[in-house]
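Me: Please take a close look at the internal cavities of this model. I would like to know what lines them, and how the helices around the main one pack.

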Amino acid sequence: MGNDRSLALLQGAVGGVLAGIALAQGGLLWMAPALALLWSACRFPVAASLWGFVAVLLSHRWLLALHPLTWVGVPAPLSVPVAASIWLFCGAAAAVLVGLWAWLAIWIAHLATREAGIRAQVFHALLMASIWGLTEVLLARSPLFWIGVGGSLLPGDRALAGLARWLGAGGLATLQLLIGWWLWRTALAWRRGVGWRRSLLVGLLCLLLAHGFGWSLLRSSDAAAPISVAAWQPAIPTRSKFSEEQQRRLPEALQQALDRADDLDAAWLVAPEGLLPPDEVLLRPAPLPLLTGGFRWLRGQQRSALLVVDRGERQASAFIDKHRLVPLGEWLPALPGGVFRGLSAVGGLQPGAASRLLQWPGPAAAVAICYELSDGAALAQAVADGAQWLLAVANLDPYPLALQRQFIALAQLRSIETARDLLSVANTGPSALVLATGKQQQLLAPFTEGVGLADLHLHQGISGYTRWREAPLMGLMLFGLVGLGWSRVRS
């Protein structure tokens, strides 16, 4: 028993390392063996918890870049402990969730059937994998910035990720859990010397067919002629953004970006999250429409928003407010004395409406401000309501390039799910165009200032995921549950 537990803990630790690499860089070759080790280790929930803890600590290590926090009022001696505590809290939350999943898997297995034949094992795997997938979808709607297994296929495996066009991120997570289960069962059969060749060949055939089907889903397109859209990446260091010098320089820099976009014959210019202060007025009338992140006041409450300044105007006339605010940063209320307003220079914001649909004089857009990009269901709803393209504006400074890679992988996933082009514009990057096929086109190099031009395609068609959302995944979970019940009756 002790040796079994030690082996399970080792499997959990090694699997967590592989999963952390997969979540940070993307790739089935890392995630598949990581999930196989999870299935093997989940006979001990503590080992499964170790898997989740290690995976998130590795994939979210960019959180340590929060240090130094002195610019938001955290005393220097507390800066490292606060940043490390946030990082460790995220790892601990993942450990609890994965441990609960493993405990549920054990409980269901004992409850469903006394003698687990291969059919019962398949039904059990279907049920537990779909539970994981649906849980990722729910977590993506929570205040957490959830980077789950579903998006780990990108950017490396667009063909298999094409299945998100029908199944969404939750479906991709479920599929990868099933691939991991297949590898684990094949390894067990190999150790016993019975049936492993058949298991390997059947699994490889299914994997090949899944890649082919996913690729075929990405080939369909109803794109209209492209529209040239400009993106401004100002590359303003967040820690000095509110300095007197930067606030003096910003209005003229924005005006120059507008003039540059006009020279490029762009239809409109997009600027990143949080750029304009409340009630900001342009120095000169805008030579073309401007969509920019900024802040506004509503009934005494400050909100982060995407603001629209029409051609020939100097002030915003349309907007969409940010709905999901950063915990411990934007929505933390001011403490007594006003000493600490959260881990953001703009703490104390209030959320806007849940809808992500922006109606403005141009083509309707589904808008994600910063980590709202992790919620695919909200953007799919906006597309169902008429959005023809996706827009993600963000400010990922002071985080390193690792977070930008994860952000653009989420952007690729959202484009595939909704069959829409996505324009990403961020303060230091990523500023890129992601086509409806998930293919990425970088507009500007990270951490550099400039104006880039993207050929944005508008789409009208509705994808399977936009139409059905999580219904297929819920059907799979129900199928697994009914199958387990049937196995119990048979036994």
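Reply: This is a predicted model. Start with the lining of the largest cavity: nine of its residues are nonpolar, six are polar and four are charged. The cavity itself has a volume of about 180 Å³. Its lining comprises 19 residues, and Glu 136, Ala 140, Ala 169, Ser 374 and Arg 414 are the closest to the centre.

Now the helices. At least two lining residues come from each of α5 (118-140), α7 (164-192), α10 (376-384) and α11 (401-418). The largest share belongs to α11, with four residues.

Two of these helices, α10 and α11, pack against each other. Their axes lie 10 Å apart, at an angle of about 40°. α10 is therefore oblique to α11. The crossing of α10 past α11 is right-handed. On the α10 side, the contact uses Gly 376, Leu 379, Ala 380 and Val 383; on the α11 side, Arg 414, Glu 417 and Thr 418. By class, that contact holds three nonpolar, two polar and two charged residues. Arg 414 thus appears twice: it is listed among the residues closest to the cavity centre, and it meets α10.

There is one more space to inspect. The count is two cavities of 30 Å³ or more. The second largest has a volume of about 50 Å³. Its lining consists of Pro 234, Ile 236, Lys 241, Pro 272, Glu 273, Leu 275, Asn 395 and Asn 427. Four of these residues are nonpolar, two are polar and two are charged.

Technical notes. Residues are numbered from 1 along each chain as its sequence is written. This is a predicted model: local features need pLDDT of at least 70, side-chain atom pairs count only at pLDDT 80 or more; totals for chains, interfaces and linings use all residues. Side-chain values use heavy atoms; hydrogens and water are left out. On a 1 Å grid over the protein atoms alone, a cavity is a set of points where a 1.4 Å probe fits but cannot get out, and a pocket is an open set with protein on both sides within 12 Å along at least five of seven lines; lining residues have an atom within 4 Å of a point. Grid points are joined across faces, edges and corners, and a volume is the space filled by probe spheres set on the points. Ala, Val, Leu, Ile, Met, Phe, Trp, Tyr, Cys and Pro count as nonpolar, Asp, Glu, Lys and Arg as charged, and the others, Gly among them, as polar. Axes are lines fitted to C-alpha atoms, for helices over the stretch in contact, and angles run from 0 to 180 degrees between N-to-C directions. Angles under 35 degrees count as roughly parallel, over 145 as roughly antiparallel, 65 to 115 as roughly perpendicular and the rest as oblique. A crossing is left-handed if the near helix is turned anticlockwise from the far one by less than a right angle, and right-handed if clockwise. Contact means heavy atoms within 4.5 Å.
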